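This report walks through one protein model. It covers selected residues, the nonpolar cores and the pocket.

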Amino acid sequence: MKVILGQRIPDVNVGYLDGASSPTSVSLREVLGKGTHIVIGVPGAFTPICTKRHLPRFIEKAPMLKQSGFDQINCIVSNDPFAVDEWRKQIDPDRRLNFYADGPMAFSRWFGLTEMLPEHLHMGERSKRYLLIVRNGVVQRVNMERTVIEFTCTGPDGLDAKITI
């Protein structure tokens, strides 16, 4: 399937650590079912673009984005919950964003948001770099980079304006 405007969020589970030593599972349909959400898809924790350019801008602008009407900013990462949580601790210790592990890529695959990365990166299949705006469980906006090494249309720029979706 391919992500399209007006499409409902699938009932797929992602994982996270919340102070526990074992992962907790939660349905993205439940997480994104009420309110207005930013969903950021990234290919991996600790990767250079995600760590140094992509996520820091969202973390910095999170208070402004929430004031403009976004209820939550969620990051979906194609890694296991343990790696995602360690990464989160380093880049977002104040928990401005919600981080979810999509190791099996159930969410990304359901929406057709995966790709095989070039062999020289040694990463295999990963999530594409994308940005979704979801209101009450329905996709309102889709921005997707051509490749995971690009960062042109999935940042927070322009999202802090008054929401009219």
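Arg126 sits in strand 7, residues 125-127. Helices (H or I, at least four residues) and strands (E, at least two) are DSSP runs, numbered from the N terminus. The model is predicted: local features need pLDDT of at least 70, side-chain atom pairs count only at pLDDT 80 or more, and totals for chains, interfaces and linings use all residues. Residues are numbered from 1 along each chain as its sequence is written, and side-chain values use heavy atoms, with hydrogens and water left out.

**Arg126 and Asn79**

Arg126 counts as buried because its relative accessibility is 17%. The cut-offs are these: buried means under 20% relative accessible area, exposed over 50%, partly exposed in between (1.4 Å probe, protein chains only). The C-alpha atoms of Arg126 and Cys50 are 13 Å apart, with their positions 76 residues apart along the chain.

Asn79 belongs to the loop between strand 4 and helix 3. Its relative accessibility is 15%, so Asn79 is buried. From Asn79 to Arg126 the C-alpha distance is 8.8 Å, at a sequence separation of 47 residues. The two residues also touch: Arg126 is one of the contacts of Asn79, along with Pro43, Gly44, Ala45, Val84, Ala101, Asp102 and Gly103, not counting residues up to four places away in sequence. Contact means heavy atoms within 4.5 Å. A polar atom of the Asn79 side chain lies 2.6 Å from the backbone nitrogen of Ala45.

**His54**

His54 is part of helix 2, residues 48-67. Its relative accessible area is 0%, so His54 is buried. The side chains of His54 and Arg129 are joined by a polar contact of 2.9 Å. A polar contact is a pair of N or O atoms within 3.5 Å; within protein, one must be able to donate a hydrogen and the other to accept it, and residues adjacent in sequence count only if both atoms are side-chain atoms. Leaving out residues up to four places away in sequence, His54 touches Ile40, Gly41, Val42, Ile49, Arg129, Phe151, Thr154 and Gly155.

**Nonpolar cores**

In soluble globular proteins, nonpolar side chains tend to be buried together. A nonpolar core here is a set of buried Ala, Val, Leu, Ile, Met, Phe, Trp, Tyr and Cys residues joined through side-chain atoms within 4.5 Å. The largest one has 23 residues. Those with the most contacts inside it are Ile38, Ile40, Leu55, Phe58, Trp87, Leu97 and Phe99. At least two residues each come from strand 3 (36-42), helix 2, strand 4 (72-77), helix 3, strand 5 and strand 8 (130-135). Helix 2 gives the largest share, six residues. Apart from this core lies another, of 18 residues, including Ile9, Tyr130, Val134 and Val139.

Beyond its neighbours within four places in sequence, Ile38 is in contact with residues including Phe58, Leu65, Phe70, Ile73, Leu131, Ile133 and Leu159. Phe70 lies in the loop between helix 2 and strand 4. At a relative accessible area of 4%, Phe70 is buried. Phe70 and Thr24 are 46 residues apart in sequence, and their C-alpha atoms are 24 Å apart.

**Pocket**

How many residues line the largest pocket? The lining has 13, and Tyr16, Leu17, Arg95, Asn98 and Phe99 lie nearest the centre. Strand 1 (13-16), helix 3 (81-91) and strand 5 (98-101) each give two or more residues to the lining. Helix 3 gives four, the largest share. By type, the lining has seven nonpolar, two polar and four charged residues. Ala, Val, Leu, Ile, Met, Phe, Trp, Tyr, Cys and Pro count as nonpolar, Asp, Glu, Lys and Arg as charged, and the others, Gly among them, as polar.

The volume of the largest pocket is about 200 Å³. On a 1 Å grid over the protein atoms alone, a pocket is an open set of points where a 1.4 Å probe fits, with protein on both sides within 12 Å along at least five of seven lines; lining residues have an atom within 4 Å of a point. Grid points are joined across faces, edges and corners, and a volume is the space filled by probe spheres set on the points.

**Positive phi**

Two residues other than glycine have positive phi.

| Residue | Phi | Loop | Relative accessibility |
|---|---|---|---|
| Phe46 | near 70° | between strand 3 and helix 2 | 41%, partly exposed |
| Arg95 | about 55° | between helix 3 and strand 5 | 43%, partly exposed |
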